[in-house]
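Here is a friendly walk through a structure, meant to be read with the model open beside you. We begin with the whole chain and then visit a few places along it.

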Protein chains: 2
Amino acid sequence: MKNSVNRELPDTLMSDLNYKPFKTTNFGNPEIQRVAPKVHATANESKVVSSLAEVVKQTVQDGMTISFHHHFREGDYVFNKVMRIIIDAGYQNLTLAPSSLTNVMNDIVVEAIEKGVVTNITSSGMRGSLGDAVSHGALQNPVIFRSHGNRARAIESGEIKIDVAFLGVPNADEMGNANGMDGETAFGSLGYALMDAQYADKVVLITDNLKQYPNTPASIKQTQVDYVVKIDAVGNADKIGSGATRFTKDPKELKIAKTVNQVITHSDYFKNGFSFQTGSGGAALAVTRFLRQSMIDNQIKASFALGGITKPTIDLLEEGLVDRVMDVQDFDKGAASSMHLNKQQQEIDASWYADPANKGAMVDKLDVVILSALEIDTKFNVNVMSGSDGVIRGAIGGHQDAAKAKLTIISAPLVRGRIATVVPDVTTVVTPGDSIDVLVTEVGIAINPKRQDLIDALSHIPGVPVYTIEQMQQMAEKIVGKPKALEFTDRTVAMIEYRDGSLIDVVKEVKD
Amino acid sequence: MKNSVNRELPDTLMSDLNYKPFKTTNFGNPEIQRVAPKVHATANESKVVSSLAEVVKQTVQDGMTISFHHHFREGDYVFNKVMRIIIDAGYQNLTLAPSSLTNVMNDIVVEAIEKGVVTNITSSGMRGSLGDAVSHGALQNPVIFRSHGNRARAIESGEIKIDVAFLGVPNADEMGNANGMDGETAFGSLGYALMDAQYADKVVLITDNLKQYPNTPASIKQTQVDYVVKIDAVGNADKIGSGATRFTKDPKELKIAKTVNQVITHSDYFKNGFSFQTGSGGAALAVTRFLRQSMIDNQIKASFALGGITKPTIDLLEEGLVDRVMDVQDFDKGAASSMHLNKQQQEIDASWYADPANKGAMVDKLDVVILSALEIDTKFNVNVMSGSDGVIRGAIGGHQDAAKAKLTIISAPLVRGRIATVVPDVTTVVTPGDSIDVLVTEVGIAINPKRQDLIDALSHIPGVPVYTIEQMQQMAEKIVGKPKALEFTDRTVAMIEYRDGSLIDVVKEVKD
């Protein structure tokens with residue numbers, strides 16, 4: 001069977017897993033019966049358990065679904081400590097359902113897979129040794145990749161049923177009141193973890209900073225928490241931030257960032273009260289810097305900035321150029337530490353951020369979003385999941401979700417080294433071209449032909465040539481040549497869900 | 001059938017309504033499957049509807065359960081405006097499930113009952129013309145009275161299934177982000193209404209103050225809201241506060257307040273880090289004043305104050321005598337307006353406040369609570385629901401819930417005019433004597449004999465005589481005489497649930 005982005009889907013697997021083929025980016029207005037957790041009632045007993053080993057013993061059973069969040073990013077200690085205990089205890093057939101998997105988690109997940117401890121994974125993404133192992137068929141069942149909004153949707157609908165959530169926090173009291181904003185290892189918004197706290201049957205908080213009761217502000221509440229474990233350290237404060245707090249100095253990236261800003265400011269969306277999501281990384285920071293100057297020059301103020309937040313966005317808030325910052329996560333210490341000081345920074349959960357199956361997600365109110373791409377093809381389909389070698393090395397993140405903005409810009413170089421970014425067909429479709437509006441590269445821009453309004457608005461920006469996406473693809477091919485076709489086996493190693501839970505593509509096992 | 005507080009229960013009605021008799025104040029540790037709402041997915045369409053009539057038409061059907069909150073108290077305009085439309089439209093057989101009913105709502109509910117529009121009610125309480133009508137058999141089915149914590153429990157377990165919640169708010173944006181803290185008619189915490197927002201199938205926000213999107217802080221979130229209606233005025237700001245912002249000057253009340261404070265300060269609970277709930281009314285404010293002085297004199301600081309909050313409690317917070325204030329509601333402008341300024345004031349929902357069926361309610365962490373009584377009997381059972389004439393004129397509020405504190409004090413005069421407060425048997429058992437520790441009256445105190453530790457601690461307070469509760473009852477009877485026995489018909493007009501959902505008593509129809 002093929003879906004509407006022309007991807008061949010594995011029929012048997014699809015019917016086994018009860019998948020519908022991806023059809024449209026329009027979610028519509030269905031009525032959805034939510035699910036709810038089983039709650040074990042407690043009164044005023046302290047929830048503090050003596051050790052991780054003890055709490056694992058009390059909560060985990062073979063075959064269960066366990067979850068983690070990735071707010072500590074590359075500074076996370078919690079995931080490895082819990083998984084070490086689980087592996088050593090010899091559990092089998094677990095499903096791992098974290099909000100995402102960062103590089104620091106790779107090796108232990110590979111070990112858990114090899115030992116049969118983990119046989120199913122759902123995640124936003126994976127990279128490094130884990131992506132490599134999965135791409136080569138290590139995991140028993142296909143990984144299910146879901147966007148941040150889709151994970152929220154799947155939790156609310158019961159497609160992901162979390163038995164035990166292990167949630168690291170920079171502070172908590174003995175009853176489980178906790179937030180992400182205070183303490184040595186503060187990371188800011190608990191956005192992704194708030195879903196686990198609300199929907200998991202058992203919620204375990206893990207902290208190195210036990211506070212006096214009651215600990216406030218309480219983003220996670222005692223009404224949601226079963227156990228609290230104190231350990232020596234939940235994370236490495238220096239590695240929690242993305243590192244990229246400085247603007248890029250790469251001339252190509254700067255060129256792209258400048259052009260992205262020109263696209264924004266020449267669009268009809270650049271007016272008082274507009275909203276945007278810029279994302280993280282040096283290039284995104286550069287866009288924010290250019291945008292700031294344009295806002296000052298044109299006396300334009302934004303109503304809100306959304307998503308994963310960085311310090312330069314907080315600067316805009318403090319300067320009065322942005323009225324509200326809505327944080328589902330924070331990418332650096334500047335953004336994280338500002339959260340409990342600035343009343344106009346609002347913590348939002350992943351559902352509020354991006355779930356298409358609720359009464360309105362913030363992504364649906366976005367005017368402008370800037371997203372990245374590993375590959376983009378002549379149908380504007382975007383791949384942020386697999387490399388040019390077919391190996392998994394990415395994450396959906398909020399890509400599919402935020403692409404629903406009124407002006408969705410893909411910011412990417414035409415080529416990376418000897419590898420084309422603009423291609424005839426992406427290796428893996430993650431975000432359908434239907435929701436992509438403009439591609440910005442260092443040589444110019446390509447506008448989705450279905451957006452005649454943008455073609456009109458953006459075709460005469462000084463110094464910004466407009467090409468068709470096919471011309472862009474040919475330019476890239478001219479530079480790097482035609483790559484050899486990738487070889488895969490018939491085995492499906494990963495399912496890529498669209499944000500509505502339909503199947504938009506699969507990843508096949510790499511043939512060595 | 002009789003329950004464990006020796007109340008005769010109506011067998012047929014009990015089995016029809018699937019009630020268990022009240023047995024114990026100990027909730028235990030059951031595992032409870034929560035329920036969840038049906039959600040109608042929407043994207044970025046504005047939710048603003050042109051009129052209340054239009055939104056009622058779109059949402060309400062015969063036989064549905066509709067809810068309201070009572071945070072505007074006697075200043076509420078929303079309830080009457082919505083009910084007027086519902087009555088005039090001729091709906092039938094509705095169940096009314098507000099968090100409570102204030103006096104300003106009485107007449108229109110009586111009208112709705114008379115016209116068959118409302119045939120079932122569940123509430124924390126009722127008074128005035130409505131209590132009178134119900135007590136005389138006006139409502140088709142018995143009212144179900146539930147405490148604030150029990151209402152939260154019943155909503156989470158599905159015993160109360162709200163089809164449409166009509167929630168008045170002092171501010172909201174077009175998508176439904178709202179709080180109770182900002183605006184002309186701010187009332188502070190949205191504590192009770194947060195349950196309705198989370199669990200109702202349809203949530204309608206009604207405001208007179210439409211703010212720019214996104215409106216933060218968002219206590220109610222756009223992910224929970226279906227419709228937003230702007231009307232001219234949601235409430236009368238002058239009547240939202242309880243009025244009682246000044247200390248009582250009544251010598252008897254002052255005497256009782258002083259004794260309450262002596263009981264607290266002579267107990268083992270009066271030490272650094274203790275917690276308390278004082279409630280509202282002039283006498284409660286006086287207790288807070290006496291307690292403040294004792295805290296200063298003894299250099300003792302409290303960890304938290306809980307419940308419905310008043311300005312004098314905020315003063316303690318600002319003086320550093322209390323570390324956190326946890327607001328499920330705010331009783332006056334001083335407490336309400338401080339909420340968005342003081343980071344150490346935390347808004348809590350009714351479940352967090354008082355639900356026995358979650359992973360820990362704050363009432364279970366309380367050291368000291370001061371509660372009132374219409375009657376208290378020689379088994380320490382308390383009535384806060386029916387008057388000495390048998391007519392309904394009260395509310396459970398958080399009475400049953402907060403009585404779970406380590407030191408539960410009933411503060412009440414021995415007699416009120418020609419009516420005894422301390423009686424052989426209360427007219428209606430609302431809170432079982434098992435959870436009551438000390439009665440404080442103007443003549444002295446009575447200590448529950450099961451609390452030998454308190455008898456030891458409190459028997460030698462200078463100027464505070466200790467009596468048995470039987471002696472107290474006899475003193476009261478000596479003053480006012482033996483009242484004539486009340487006459488009721490066999491018909492049950494109200495069921496009084498204990499906080500665990502079991503039946504603790506019923507109210508019978510008054511015989512004229």
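## The overall picture

Chain A folds into 16 helices and 30 strands, where helices (H or I, at least four residues) and strands (E, at least two) are DSSP runs numbered from the N terminus. Its radius of gyration is 22 Å, close to the 24 Å that the globule rule gives for 512 residues, so chain A is as compact as a globular protein of that length. That radius is taken over C-alpha atoms, and the globule rule is 2.2 Å times the number of residues to the power 0.38.

Please keep in mind that this is a predicted model, in which local features need pLDDT of at least 70 and side-chain atom pairs count only at pLDDT 80 or more, while totals for chains, interfaces and linings use all residues. Residues are numbered from 1 along each chain as its sequence is written, chains are lettered from A and ligands numbered from 1 in the order in which they are written, and side-chain values use heavy atoms, with hydrogens and water left out.

The C-alpha trace of chain A spans about 70 × 55 × 45 Å along its principal axes. Of the 512 residues in chain A, 64% are buried; buried means under 20% relative accessible area, exposed over 50%, and partly exposed in between (1.4 Å probe, protein chains only). Taking contacts in chain A between residues at least 6 apart in sequence, 73% join residues at least 24 apart, with contact meaning heavy atoms within 4.5 Å.

What about the surface? Chain A has an accessible surface of about 17,800 Å², and 48% of that belongs to carbon and sulfur atoms. These areas come from the Shrake-Rupley method with a 1.4 Å probe; for residues, only the protein chains shown count as cover. Chain A carries 52 positive and 62 negative side chains, and the centres of the two sets lie 3 Å apart. Lys and Arg count as positive and Asp and Glu as negative, while His and the chain ends are not counted; each charge is placed at NZ of Lys, CZ of Arg, CG of Asp or CD of Glu.

## Two copies

How is chain B superposed on chain A? A rotation of 180° with 0.0 Å of shift along its axis does it, at an RMSD of 0.0 Å. That is the relation of a two-fold axis. The same surface serves both copies, and 100% of the contact residues of chain B recur in chain A. Ala36(B) is the residue of chain B that comes closest to the rotation axis, at 2.8 Å (C-alpha). The superposition is by least squares on the C-alpha atoms of residues with pLDDT of at least 70 in both copies.

## Backbone details

The backbone has some features to look for in each chain, and here are four of them.

| Place | Feature | Value |
|---|---|---|
| Tyr213(A) to Pro214(A) | cis peptide bond | omega near -10° |
| Tyr213(B) to Pro214(B) | cis peptide bond | omega near -10° |
| Arg73(A) | positive phi, not a glycine | near 45° |
| Arg73(B) | positive phi, not a glycine | about 45° |

Pro214(A) sits in the loop between strand 12 (210-211) and strand 13 (227-230) of chain A. Arg73(A) belongs to the loop between strand 4 (65-67) and helix 3 (78-88) of chain A, and Arg73(A) is buried, with a relative accessible area of 10%.

## Inside the helices

Met14(A) is part of helix 1 (residues 11-16) of chain A and is buried, with a relative accessible area of 3%. Setting aside neighbours within four places in sequence, Met14(A) has contacts that include Tyr19(A), Pro21(A) and Leu503(A). Met14(A) and Met495(A) are 481 residues apart along the chain, yet their C-alpha atoms are separated by 9.4 Å.

In chain B, helix 5 (residues 128-135) has several buried residues, among them Leu130(B), Ala133(B) and Val134(B). The buried residues of helix 5 pack against elements of chain B including helix 4 (106-114) and strand 27 (488-497). Gly137(B), with a positive phi near 85°, follows helix 5 of chain B.

Which residues does Met475(B) touch, not counting residues up to four places away in sequence? They are Leu414(B), Val443(B) and Tyr467(B). Met475(B) lies in helix 16 (residues 469-480) of chain B and is partly exposed, with a relative accessible area of 24%.
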